[in-house]
Each structure stands twice: as C-alpha cells, then as structure tokens.
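Visitor: I have a model open and I do not know how to read it. Could you take me through some features, one at a time?

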Amino acid sequence: MAREGLGAMVRSDRWSYLWLLIGAVLSLFSNGRWTIPLATWLMAVFLLRFMRTQKVGRGFILVWLASSVTAIIAWAGLTPMELSMHVATMGIGALVGSLPYLADRLLVPRLRGFAATLVFPLASTAIEFLSLMINPNGSWGALAYTQYPNLALIQLVSITGLWGFPFLIGWLASIINWAWERSFSWHAVRRGLALFVGVMLLVMLYGSVRLALFQPQAGTVRVASVTAAEMVGGMSWVLESDSEAFRRGTGRLHDYYFEATAREASAGAKIVLWPEGVGLGLAEDEAALIERAKEVAAKEGIYLAMPMATIHQDFDRPFENKLLIVDPNGDVVLEHYKYGGAYLEGSLPGDGVLRTAETPYRTLSGIICWDADFPSVVSQAGRNGTDILLVPSNDWRAIDPLHTQMAVFRAVENGVSLVRHVSNGLSIATDPYGRVLASMDHFTASERVMVAQVPTEGVFTLYSVIGDAVAWLSIVGFVVIVVWTVFRWRRAKHTESSPEEQI
C-alpha cells in the first residue's frame, strides 16, 4: 500500500497495462455509437488506476493514445466529417479529455487524505465545461447524455445542468482508486465510501421523488407533426440546373404538408409542426408560401410551425434556415433563425435569442435542430417563461436516436414540454420531466405522423435560476486545490532545506 503523506507516490502495479486495456475497451462503450451507461462510470476507474502507476509523461501519452483510438472508432459515422478531419478532431478531443488524468497524477501524490479524491472530479467537470463552452458544435460528447436511459438519474440536470455527471462519474473513479491504494481495507475506506454512496442515494431519491410526486399541471394541447415521404435534400441539386423543375418539386412538397396539416387539424390538433427545412424555396417565392401558411392556419384555427429554407439564386448570399409560427389569426407571431451549426451548413446565423409567443396553450418558443445542442443558449427557455418548446429537425441515420435523446435534457433542465420532430431520425414529445409522450422513428414508421397531448404548463427548475454555477464552482474549486497544493509543496520544500541553511 502506498505511503500516506506529502509527495507520496503510488507503487508500481504489475497489472497496470491490463487496467489500461480494460479502460480502453470500456471507453469504446462509454460514449458515441455503442453507449452502455455502466461502462461510462467504470472506464475512468481503470484509466485512472493505470495513470497513477506510471511516470507522468508515459502515462499521459498512453492514456491519450488509447482514448484517441477508441474515440475514432466509437464516433465513426456520427460526425459529418471526412476521415482525416474526423481523426484529427477525435485526437484533439481525446487530448483535452485526458487532461484530468494528468492533473490527478500531478496533484494527488502531493495531497493528504480524502480531500485528494476531489481533484479528478473537479478537473473533469471544469475541463468538460470549458471545452464544450467553446466548441462550435455544441455539447456533443457530454457525459450526461450517456445516462439517458435512467430517467430518475437525469433529473439531476434540473439542478446542475450537464455538469453534475462528470463530477459524479469522476468522483467514483477517484474514490475507488483511493480505496484501491488502501487495499480496500474496510476500516480505512468505510467513511469515504459511505459519503459517496450517500450522495448517490440522495441524487436517485431526488429524481425518483420528482418523477413520482411532481406531475405537470392539468391541461394539455394536441400537437401533431408530419413528415413527407419525399425529402428536401435532393431538390437543392435540381436548382443548379433547372429552377422551374425545382419550383415544381418544392411545390409538390408544400402541397403535401399543407394537406397533411389540414388533415391533422381536422383530427383535433391545435399545433402542427413540420420538420426542418421543408419550407424550401426561392427568395422570390417566400412571400407566397408564407401567405399560404397564414391562410391555412386561419382556416383551420391552428398554430402552424413552419420551418423554411429560403435560397437566394445568386448564391452569394447565405440561405436562411428559419422557423415561423403562424397563429389562428393568420399572423406570424414568432420568427427564429437557426444559430447552431450555421457555420457548417452555410446558412445565415441567428442571434441566439429565444423568442416566445403567448397562446391559449401558454407560452410557445421554437428553435431548430442543432440549436438544442447548446444548453447555455436554450436555458433562456427556463427564464423567459417558455412552456412548450418546438424543435423542428433533420438528422441522418447514424445519429438516430442519439441526437433526439440529447434534446430531452433541454426539457428537464428548463422544465418545458418538448416536441422535436425530425426527418431522418427519431421524433419525440416529452413532458417537462423528460417522460416520453409520443415518438416516431422516420426509418421504421409506416406513417410518418406523431401526435401527442402535450402539457401546457412548464415547471420550475433550479438550473433555470443558477445556470452553469456548478461548472463555475468546479473551476474555482480546482484552482483552489492547485494553489493549495503548490503552497504546501513549496512550504515542505522550504522545511526540508532549512536545516542545511542553518549549518
């Protein structure tokens, strides 16, 4: 067992490369294509064990290489990138993700006691937050998303946002290694283990009680969303060679959606949502399309959420990927321009402000697809009184159902009902607690229509008040630990040199 005290180092472990192998295998299933929630919790246990038994440089390089290889495999096809860019992106991401292991290896040997178990979780939380905050692709890869199947557990995001998960997952790894280095002696580790188990029980109790005792208030609205069999993607290519053929193709598409809208309104829908971009058309035809939407909404007495993709024929101007909501009076009551991923698709970027529309069904707001991957921006929904958040989207098969599952976290964080309707993916409607009310998978459904009775009143969440405070506190906590460690190291070094100075 390693000696306690300042500067103590973990003794070599003859099984260390086995721990690296186990950690690497688990990391294949800890995020990305084949996520197994338990693997996410266990991966860091073994990688951290390996790192603590190695020299700093060698350990860090091997953890980074193992993480890079597994990330390249696990995320293959899920990113819209060429192979070289995918490899580079995963390598950089793995490098950043390996930094908490480096921080732990440098700091923990210079700290005493149970407080040292906080180094890894604080570093993990701080680094995940900072890296995702500056990531132009949003929150892809956040550890919280790996826990989607456990609805009681993910209620935690209503307090901490995504950032409670890297802390708890990192803390488990650190505590198990802390106990491992004490040979799992019950007398030595029982208090630390009891503390962690107690915290996890409180988290699960909170989620279970929230789901069992706190229900949405009475009152729902029937929301229908429809998708045509014909996709919009191929029509953009037609425009380059034959604008009239493009007009005929988009005209047929629009006819289908307006007919489907009338059909669902006749069946009782009060809100009808189309998927992203199906209002495709030329700029000079936009006014006529909007006028038609106004007429249909007024005639049917519904709120029509119509995503548009307006193209300028000179091609020098970016196309406009936007969402309009038309009310039963035929008035446009909300206009939103997509901001997430606009730099990749070449659309006119939005301002990132969530607008709202007051209706008999409380407050509506809307964003588009990739927008939902930015929690700090969508958190406006928890502050501006949004009750129902509409998210028209367009995915591809490889990210079905992952991308939709990510959006459900926005509902729980902000206490809003969510309707995410997708072409080429999983459509879903949830209540403010993330409970699924209806779903429809584009690739398996015989009829691509989703209908749900959606709660019309949102619920309060602490996250909507404190935002990313947990992440910022983790940064502060990590900085404090670093400063304290350096101070103790310098003081110990001074103490050791003092007798020599007196001779």
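Guide: Start with the polar contact. It is a pair of N or O atoms within 3.5 Å; within protein, one must be able to donate a hydrogen and the other to accept it, and residues adjacent in sequence count only if both atoms are side-chain atoms. Here is a case: the side chains of arginine 362 and glutamate 457 make a polar contact of 3.3 Å.

Visitor: What should I know about the model itself?

Guide: This is a predicted model; local features need pLDDT of at least 70, side-chain atom pairs count only at pLDDT 80 or more, and totals for chains, interfaces and linings use all residues. Residues are numbered from 1 along each chain as its sequence is written, and side-chain values use heavy atoms, with hydrogens and water left out.

Visitor: Where is arginine 362 found?

Guide: Arginine 362 is found in strand E8. Helices (H or I, at least four residues) and strands (E, at least two) are DSSP runs, numbered from the N terminus.

Visitor: Is arginine 362 buried, exposed or partly exposed?

Guide: Learn the cut-offs. Buried means under 20% relative accessible area, exposed over 50%, and partly exposed in between (1.4 Å probe, protein chains only). Arginine 362 has 37% relative accessibility, so it counts as partly exposed.

Visitor: What does arginine 362 touch?

Guide: Contact means heavy atoms within 4.5 Å. Not counting residues up to four places away in sequence, arginine 362 touches Ala357, Asp387, Thr456 and Glu457.

Visitor: How do I read a buried residue?

Guide: Try lysine 322, which lies in strand E5 (residues 320-326). Its relative accessible area is 3%, so lysine 322 is buried. The side chain of lysine 322 is joined to that of glutamate 286 by a polar contact of 2.7 Å. With neighbours within four places in sequence left aside, the contacts of lysine 322 include Met306, Met308, Glu335 and Tyr337.

Visitor: Can a loop residue be read that way too?

Guide: Take threonine 227, in the loop between strand E1 (220-226) and helix H10 (235-241). Threonine 227 has a relative accessible area of 2%, so it is buried. Its side chain makes a polar contact of 2.6 Å with the side chain of histidine 421.

Serine 30 is a loop case as well. It lies between helix H1 (16-28) and helix H2 (37-52). Serine 30 is buried, at 5% relative accessible area. The side chain of serine 30 reaches the backbone oxygen of serine 27 at 2.9 Å.

Visitor: Now strands. When do two of them pair?

Guide: Two strands pair if DSSP finds at least two bridges between them. Strand E8 (residues 362-366) pairs with strand E9 (residues 388-394) in the parallel sense, over three bridges. E9 is also joined to strand E10 (residues 417-423) by seven bridges, and these two run parallel.

Visitor: Which residue in E10 is the bridge partner of leucine 389?

Guide: That partner is leucine 418. Leucine 389 is also the bridge partner, in E9, of serine 365. E9 is mostly covered, with six of its seven residues buried.

Visitor: How many residues of strand E4 are buried?

Guide: Nine of the nine residues of E4 (residues 303-311) are buried. Both faces are covered: one side includes Tyr303 and Ile311, the other Leu304 and Thr310. Strand E2 (residues 271-273) runs parallel to E4, joined by three bridges. Strand E3 (residues 279-282) pairs with E4 in the parallel sense over four bridges.

Visitor: And pockets?

Guide: Rolling a probe the size of a water molecule over the atoms shows where empty space is left. The search uses a 1 Å grid over the protein atoms alone; a pocket is an open set of points where a 1.4 Å probe fits, with protein on both sides within 12 Å along at least five of seven lines, and lining residues have an atom within 4 Å of a point. The second largest pocket has 20 lining residues; Gly32, Arg33, Thr35, Leu402 and Gln405 lie nearest its centre.

Visitor: Which helix gives the most to the lining of the second largest pocket?

Guide: Helix H16 (residues 402-414) does, with three residues. In H16, 13 of the 13 residues are buried, so the helix is largely enclosed by the rest of the structure. Glycine 415 follows H16, and its phi is positive, near 65 degrees.
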